[in-house]
Amino acid sequence: MSIFTGAGVAIVTPFQENGEINYDKLDELIDYHCENGTDSIIICGTTGESATMTEEEHMECVKFAIERTKKRIPVIAGTGSNCTRTAVEMSREAAENGADGLLVVTPYYNKATQQGLIAHYTAVAREAKAPIIMYSVASRTGCNIEPATVAELVKNVDNIVGVKEASGNISQVAKIMAMTDGNIDLYSGNDDQIVPILSLGGKGVISVLSNVAPKETHDICEFFFNGEIKASTELQLKAIPLVEQLFCEVNPIPVKKAMKLMGYDCGPLRMPLTELTPEHEKSLAKAMKDFGIALV
């Protein structure tokens, strides 16, 4: 059984002006998503600025999300690291705290061979007693999980159950599904490719768009699952201009500005990320309005 089907939000992490995590605002966002159709919360991923968190902050944030969601929808904890030992420790702790699943990105900077990836993921899975979704995003990590590697891990490691595919390479995605005989939970890591991924047997999306349009992102998936392919496709295509603006600068710079434009002030970004330029803010606001999102 999949951890979730539909649209999981790669939720932003709100910060106070002094840079500390704003747990009151995070609590508000969790309620917002539980009430507006989001199918899962992915906490402390890239969009959540996990790279600038201390390990203590990271685990406190994960624990808070699990406690405050109260099983209304699944919580998946981002617990990846370029250090296998650190990934093991964080994954084990998140699982012990009740995470419904773990999102584990490929090791970044030092990267790994395909054999290294097999060793890395196997080590994490051995220690963390929760379902694991591998995260392949070579544009950020410099490290791609090849289809044969995905197939070997899913076949041989019981609690490695899925992959978040953000390569943008649909041919690679198709090969993954062919080599696994479709026996994998496949999630789109790109909001502009939800319908193509679903058409190949995907379970849903781990989404930046869901931060600002949770119901609509959920509906893209729900329409598809219900056989309303035309409606799903139309909504996917309608979202493309907004998705483009949400990535006009490096994620999560635009989406945190978008949240503020909606009245959810999630505070500053942590350096080295900087605020969205005025020119991009203007184009982002226009795309949001065109999509039907009310601004304050």
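Which residues does UniProt list for "binding site" in its unreviewed entry? The entry lists Thr47 and Ile206, and the close-up views below, drawn from a predicted model, begin with the strands of the sheet and then come to these two residues.

**View 1. Strand E4 is mostly covered by the rest of the protein.**
Strand E4 covers residues 101-105, and five of its five residues are buried. In a regular strand the side chains alternate between the two faces of the sheet. In E4, Gly101, Leu103 and Val105 lie on one side while Leu102 and Val104 lie on the other, and since all of them are buried, both faces of this strand are covered.

**View 2. Strands E3 and E4 pair in the parallel sense.**
Strand E3, made of residues 75-78, is joined to E4 over three bridges. Within this pair, Ile76 stands opposite Gly101 of E4, and the chain travels from E3 through helix H3 (residues 84-96) to E4 in a β-α-β crossover that is right-handed. Further along the pair, Gly78 stands opposite Leu103 in E4.

**View 3. Strands E4 and E5 run parallel.**
Four bridges connect E4 to strand E5, which is formed by residues 132-136. Val105 stands opposite Tyr135 of E5, and the path of the chain from E4 to E5 passes through helix H4 (residues 114-127), again as a β-α-β crossover that is right-handed.

**View 4. Strand E3 is joined to strand E2, and the two run parallel.**
In E3, Val75 and Ala77 point one way, whereas Ile76 and Gly78 point the other way, and all of these residues are buried. Strand E2 (residues 40-43) is joined to E3 by three bridges, with Ile42 standing opposite Ile76. To get from E2 to E3 the chain crosses through helix H2 (residues 55-69), and this β-α-β crossover is right-handed.

**View 5. Thr47 and Ile206 are listed by UniProt, in an unreviewed entry, for "binding site".**
Although these two residues are spread over 160 residues of sequence, they cluster in space, with a largest C-alpha distance of 10.6 Å. Both Thr47 and Ile206 belong to the lining of the largest cavity.

**View 6. Thr47 has its place in the loop between E2 and H2.**
Because its relative accessibility is 3%, and buried means under 20%, Thr47 counts as buried. Leaving out residues up to four places away in sequence, Thr47 touches Ala10, Ile11, Val12, Thr13, Val208, Asn211, Asn251, Pro252 and Val255.

**View 7. Ile206 is found in strand E8.**
Strand E8 is made of residues 204-207. Why does Ile206 count as buried? Its relative accessible area is 3%, so Ile206 falls under the 20% limit for a buried residue. When neighbours within four places in sequence are left aside, the residues in contact with Ile206 include Phe4, Gly8 and Ala10, together with Ile42 and Leu103. Of these, Leu103 is one of the buried residues of E4, and Ile42 stands opposite Ile76 in E3. Among the other contacts of Ile206 are Lys164, Tyr187, Ser188 and Gly189.

How values were computed
Residues numbered from 1 in each chain as written. Predicted model: local features only at pLDDT ≥ 70, side-chain atom pairs only at ≥ 80, totals over all residues. Heavy atoms only, no water. Buried < 20%, exposed > 50% of the residue type's maximum accessible area, 1.4 Å probe, protein only. Pairing = 2+ DSSP bridges. Right-handed = clockwise from strand over helix to strand, strands pointing away. UniProt positions renumbered as here; feature names shortened; annotations may be inferred. 1 Å grid on protein atoms, 1.4 Å probe; cavity = no way out; pocket = protein on both sides within 12 Å on 5 of 7 lines; lining within 4 Å. Contact = heavy atoms within 4.5 Å.
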